[in-house]
Amino acid sequence: MNIKIFKKVIIAVVLIFTTSSIFAQDIELENNPFEIFKEYSNFGINISPRLQFKSTSNNTIGSDPFIHNSSFGLGLGVTYILRPANTWSYRIGTHYNINDESNFKLKNDSRNISFKSTSSSISIPIEIEYKKLVSKNLIWTTKAGVNVTFIDGFDSASIDYEDFSLVYKPQSDFIYPNLLFSSGVYFVFKPFMLQTSLIFQKNIPSFIEGNYEIVDSNNSIQNKGTYKMTGDYIGLEFIVFLKKSKK
């Protein structure tokens with residue numbers, strides 16, 4: 001794990017939160033357009049279907065043997081919003097994530113076999129959010145922050161198929177700090193409030209990296225290069241905030 005990068009990301013998030021707190025209004029206005037948030041729970045349940053960026057390869061000897069396939073992931077979790085009735089608010093959550101670490105086929109393979117490996121992780125997103133009123137029941141929002149991912153027991157892997165071999169390893173021992181950006185809208189309904197967003201995650205560092213080789217019958221290298229799955233993705237996020245029960 002690159003500790004220096006992780007520290008820089010954490011410092012950047014602290015600065016963002018501190019700066020926004022200075023400019024945000026602590027005293028709520030009498031005609032606060034986000035007063036409606038007080039009627040709904042600060043806790044939200046979310047689901048996030050994602051499209052992972054394809055793996056990439058860089059051949060140093062011979063031609064590229066890969067056909068990289070698209071990968072789909074999923075995130076499930078809960079979100080808690082701090083100061084939801086303010087223009088600037090903050091949120092933290094816990095997510096369970098499913099994503100691919102490899103998904104490809106080989107060119108010139110008559111059996112057209114796919115090579116796919118899936119892993120799971122737990123992550124804690126920490127974000128700052130800005131809101132703007134569009135109409136009575138529609139609020140635009142944009143968020144930015146970090147998604148600190150924890151992967152336990154993730155080890156190097158080896159794929160051997162006929163004369164093809166690929167060995168890759170995780171780029172962190174345990175913690176992956178990722179940058180997270182999203183933009184979307186709140187839909188305000190009587191029984192609940194729904195937030196829908198388009199999200200993008202940039203991994204720091206890449207999820208996995210490795211090397212591949214293809215040899216002939218004489219064990220001479222015909223193809224050689226590197227393999228990478230960044231773990232970056234673009235997706236949708238749906239969060240439901242239930243209305244508070246009246247006492």
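How many nonpolar, polar and charged residues does the lining of the largest cavity have, by class? I looked this up before anything else in the entries below. The lining has five nonpolar, 11 polar and one charged residues. The model is a predicted one, and I read every value here as computed from it.

**Entry: overall make-up**

I listed the secondary structure and found one helix and 14 strands in the protein. I then checked burial: of the 247 residues, 43% are buried. For the contacts, I took pairs of residues at least 6 apart in sequence; 71% of these contacts join residues at least 24 apart.

**Entry: largest cavity**

I counted two cavities of 30 Å³ or more. The largest cavity holds about 180 Å³ of space. I noted 17 lining residues, and those closest to the centre are Asn99, Gln201, Asn203, Gly231 and Tyr233. Two or more lining residues come from each of β1, β5, β7 (138-150), β10 (175-188) and β11 (192-203). β5 gives the largest share, three residues.

**Entry: second largest cavity**

I moved on to the second largest cavity, with about 120 Å³ of space. It is lined by 16 residues, and closest to its centre I found His95, Pro125, Glu127, Leu180 and Glu237. The elements that supply two or more residues to this lining are β1, β5, β6 (114-135), β10 and β14 (233-242). Here β5 gives the largest share of the lining, four residues. By class I get six nonpolar, five polar and five charged residues for the second largest cavity.

**Entry: largest pocket**

I looked next at open space. The largest pocket contains about 320 Å³. Its lining has 18 residues, with Leu106, Lys107, Asn108, Glu162 and Ile214 closest to the centre. β12 and β13 are the elements that give two or more residues to this lining. I sorted the pocket lining by class and got six nonpolar, five polar and seven charged residues.

**Entry: nonpolar cores**

Which residues have the most contacts inside the largest nonpolar core? I found Phe104, Ile159, Phe164, Leu166 and Tyr227, in a core of 17 residues. The elements giving two or more residues to this core are β5 (88-106), β8 (157-161), β9 (164-170), β12 (208-215) and β13 (221-229). I also found another core, apart from this one, with 10 residues, among them Phe34, Phe37, Ile81 and Tyr186.

I listed the neighbours of Phe104, leaving out residues up to four places away in sequence. Phe104 touches Ile159, Phe164, Leu166 and Tyr227, which I had already noted among the core residues with the most contacts. The other residues that Phe104 touches are Phe66, Ile67, His68, Asn69, Ile113, Ser114 and Phe115.

**Entry: aromatic pairs**

I counted 20 aromatic pairs in the structure. How are the rings of Phe34 and Phe37 set, centre to centre and plane to plane? Their centres are 6.3 Å apart and their planes stand at 70°, so I logged the pair as edge-to-face, the cut-off being an angle over 60 degrees. Phe34 and Phe37 are both buried.

I then took Phe66 and Tyr212, another edge-to-face pair, with 5.0 Å between centres and 90° between planes. This pair links distant parts of the chain: Phe66 is in strand β3 (residues 66-68) and Tyr212 is in strand β12, 146 residues apart. Phe66 and Tyr212 are both buried.

Following the ring pairs onward, I found a cluster that links Phe66, Phe104, Phe115, Tyr161, Phe164, Tyr168, Tyr212 and Tyr227. Among its members, Phe104, Phe164 and Tyr227 are also listed with the most contacts inside the largest nonpolar core.

**Entry: Lys38**

Is Lys38 buried, partly exposed or exposed? Its relative accessible area is 40%, so I put Lys38 down as partly exposed, the class between 20% and 50%. Lys38 sits in the loop between α1 (3-23) and β1 (43-52). I also checked Lys38 against Lys244: the two are 206 residues apart in sequence, and their C-alpha atoms are 8.5 Å apart in space.

Key
Residues are numbered from 1 along each chain as its sequence is written. This is a predicted model: local features need pLDDT of at least 70, side-chain atom pairs count only at pLDDT 80 or more; totals for chains, interfaces and linings use all residues. Side-chain values use heavy atoms; hydrogens and water are left out. A nonpolar core is a set of buried Ala, Val, Leu, Ile, Met, Phe, Trp, Tyr and Cys residues joined through side-chain atoms within 4.5 Å. Buried means under 20% relative accessible area, exposed over 50%, partly exposed in between (1.4 Å probe, protein chains only). Contact means heavy atoms within 4.5 Å. On a 1 Å grid over the protein atoms alone, a cavity is a set of points where a 1.4 Å probe fits but cannot get out, and a pocket is an open set with protein on both sides within 12 Å along at least five of seven lines; lining residues have an atom within 4 Å of a point. Grid points are joined across faces, edges and corners, and a volume is the space filled by probe spheres set on the points. Ala, Val, Leu, Ile, Met, Phe, Trp, Tyr, Cys and Pro count as nonpolar, Asp, Glu, Lys and Arg as charged, and the others, Gly among them, as polar. Rings of Phe, Tyr and Trp (its six-membered ring) pair if their centres lie within 6.5 Å; planes under 30 degrees apart count as stacked, over 60 as edge-to-face and the rest as tilted.
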